[in-house]
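Please open the structure in your viewer and keep the selection tool at hand. This tour goes from one stop to the next, saying what to select and what is there.

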Amino acid sequence: MNSANGTSHAVVFSGGASQGAYHVGVLKALIDGESPATHYQPLRPDVFTGTSAGSVNAAALLGEIEAGNPDPVGYLEHLWLDRIARTGTSCNSGVYRLRANPTRFADFGCLITNPLKPALDLLQDANFLARESVRRGNQFLTSTKGVGQRLLDQINLSSFVAMDPFQEVLHDSIRFDLIHQSKRFIRIGASRWDTGFLYYFTNKDMTVDAGPKIIQASSAVPGFFPRVEVDGVEFGDGGVIENSPLQGAVEANADVIHVVTSFPRTANIPVDITVNTLDTMYRMLVINITKSLRRDIERYRNVNDAILVLQRMREAGDLGIPYQMLQQLLNRIMRQDEPDYRRITIHIHLPPEPLATLFQYLNFDREYLQTLVRAGYYDALAHNCKVNGCVIPDEEQLDTKAYQAAAAYGDDTQELRVDPGVTF
């Protein structure tokens, strides 16, 4: 489904646990036409992709648009601040709860709202942990591994994390029936645990029964949230492989793509003179995520130049081996076979500085989520393509080295490589 001028628009939502609330603020400005990224015109997306927390936003936004909600972003904000958030009257966040947590009996807001819930959950947790202990005990006794390894195998933090709040939120809040039937495109990325590859679930997969499992699978933070089985295959957090699923939007033939990530450039994270483990882990996380995004941005910047090279070769009647090889290369990258490609515009929306420490990524307190929504909104109002490293096709600025490299590509003496000019 394209806009009136034939251009297909996509929104790509990154992972980031509680940082997914930042996406809501960015969307406010984009959907309402308040951002320079859309030339101050309301954004009407045709393609929705996401991993982890981004999968929740992609699915909820598409469902509300299909339902005819005049304010889909307002609904998304309500979802985060009133259902996902931990409030003074909720027993836990709408994402997870810790099993057999005795502090819930001292949570007066929870007891006033539902006085029996802590006790009922404790009974359920005791039953689960008892069965888990028996299962792991049998594994310990029957395993042929060394004693030390068998002891390590008993450690599993996800056994103490219950995901029933998240299941309830997904079932109650996302219109999977409409997503399944939609003519707009959705791509939810999740990591296959057996192969280590990213798998994209599409509209046909997002049924009322399977949809919540798919979102849970994409959001299953390794080592903390349990893996999720979909059609007999175990999946985990899609953000581990591709935090910003840009490829999914390209495969859905989007022309203008808005990538929304809650991670800043690594260079914008202050280096603390006091070395500590959490800061080190956070910096390594951002380095890996931004490196992956930078790689994808560079790829499609080069693709844009390669498409222009093909057009010029075609106009000149130069359809020899270099032309054919370049077209085959594009077919592999774009995962399609199109004689006339359209170049891609990519807007990058990211915070100028860190939104959180690693410890805060599972902070779902309502006040904190509100600050993230507000930060996303104001960052989108101040969107600057030059600063953020957007990909804006411009025929007048084609690097002539790209054409020369393509012409020499047949003898394997050069590579088609253009300096992307993006620093993260």
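## The second largest cavity

The lining of the second largest cavity divides into four nonpolar residues, one polar residue and three charged ones. To see this lining, select A100, N101, R104, F105, P118, D121, L122 and D125, and bear in mind as you look that the model is a predicted one. The volume that these residues surround is about 40 Å³, and a search of the whole structure finds two cavities of 30 Å³ or more.

## The largest cavity

Go on to the largest cavity, which has a volume of about 130 Å³. Which residues lie nearest its centre? Select A17, A53, V95, S219 and F364, which lie nearest the centre among the 13 residues that line the largest cavity. When the whole lining of the largest cavity is sorted by kind, 11 residues are nonpolar, two are polar and none is charged. Helices α2 and α3 each supply at least two residues of this lining, and these two helices make the next stop.

## Helix α3 and the helices packed against it

Select residues 53-66 for helix α2 and residues 72-84 for helix α3, and look at how their axes come within 9 Å and cross at roughly 135 degrees. Because of that angle, α2 counts as oblique to α3. The crossing of α2 and α3 is right-handed.

Keep α3 selected and add helix α1, residues 20-31, whose axis comes within 9 Å of that of α3 and crosses it at roughly 165 degrees. Are α1 and α3 roughly parallel or roughly antiparallel to each other? The cut-off for roughly antiparallel is an angle over 145 degrees, and α1 and α3 are therefore roughly antiparallel. As for the handedness, α1 passes α3 in a left-handed crossing.

Now replace α1 in your selection with helix α7, residues 164-173, which packs with α3 at an angle of about 150 degrees, the two axes being 12 Å apart. Here too the angle places the pair, so α3 and α7 are roughly antiparallel to each other. α3 passes α7 in a right-handed crossing.

## The hairpin of β5 and β6

Leave the helices and select residues 185-192, which form strand β5, together with residues 198-201, which form strand β6; the two strands pair in the antiparallel sense over four bridges. To find one of the bridged positions, select S191 and then L198, its bridge partner in β6. β5 and β6 form a hairpin with five residues between them, and within the turn you can select G196, which has a positive phi of about 80 degrees. While the strands are on screen, you may also like to show their side chains, since in a regular strand the side chains alternate between the two faces of the sheet.

## The largest pocket

The last stop is the largest pocket, which has a volume of about 720 Å³. Select A17, V221, L285, L358 and Y361, which are the closest to the centre of the pocket among the 27 residues that line it. A17 may be familiar from an earlier stop, as it is also one of the residues nearest the centre of the largest cavity. Which helix gives the most to the lining of the largest pocket? Select residues 277-315 to show helix α11, which gives the most to this lining, with six residues. Colour the lining of the pocket by kind to finish, and its residues divide into 15 nonpolar, 10 polar and two charged.

Technical notes:
Residues are numbered from 1 along each chain as its sequence is written. This is a predicted model: local features need pLDDT of at least 70, side-chain atom pairs count only at pLDDT 80 or more; totals for chains, interfaces and linings use all residues. Side-chain values use heavy atoms; hydrogens and water are left out. On a 1 Å grid over the protein atoms alone, a cavity is a set of points where a 1.4 Å probe fits but cannot get out, and a pocket is an open set with protein on both sides within 12 Å along at least five of seven lines; lining residues have an atom within 4 Å of a point. Grid points are joined across faces, edges and corners, and a volume is the space filled by probe spheres set on the points. Ala, Val, Leu, Ile, Met, Phe, Trp, Tyr, Cys and Pro count as nonpolar, Asp, Glu, Lys and Arg as charged, and the others, Gly among them, as polar. Two strands pair if DSSP finds at least two bridges between them. Axes are lines fitted to C-alpha atoms, for helices over the stretch in contact, and angles run from 0 to 180 degrees between N-to-C directions. Angles under 35 degrees count as roughly parallel, over 145 as roughly antiparallel, 65 to 115 as roughly perpendicular and the rest as oblique. A crossing is left-handed if the near helix is turned anticlockwise from the far one by less than a right angle, and right-handed if clockwise.
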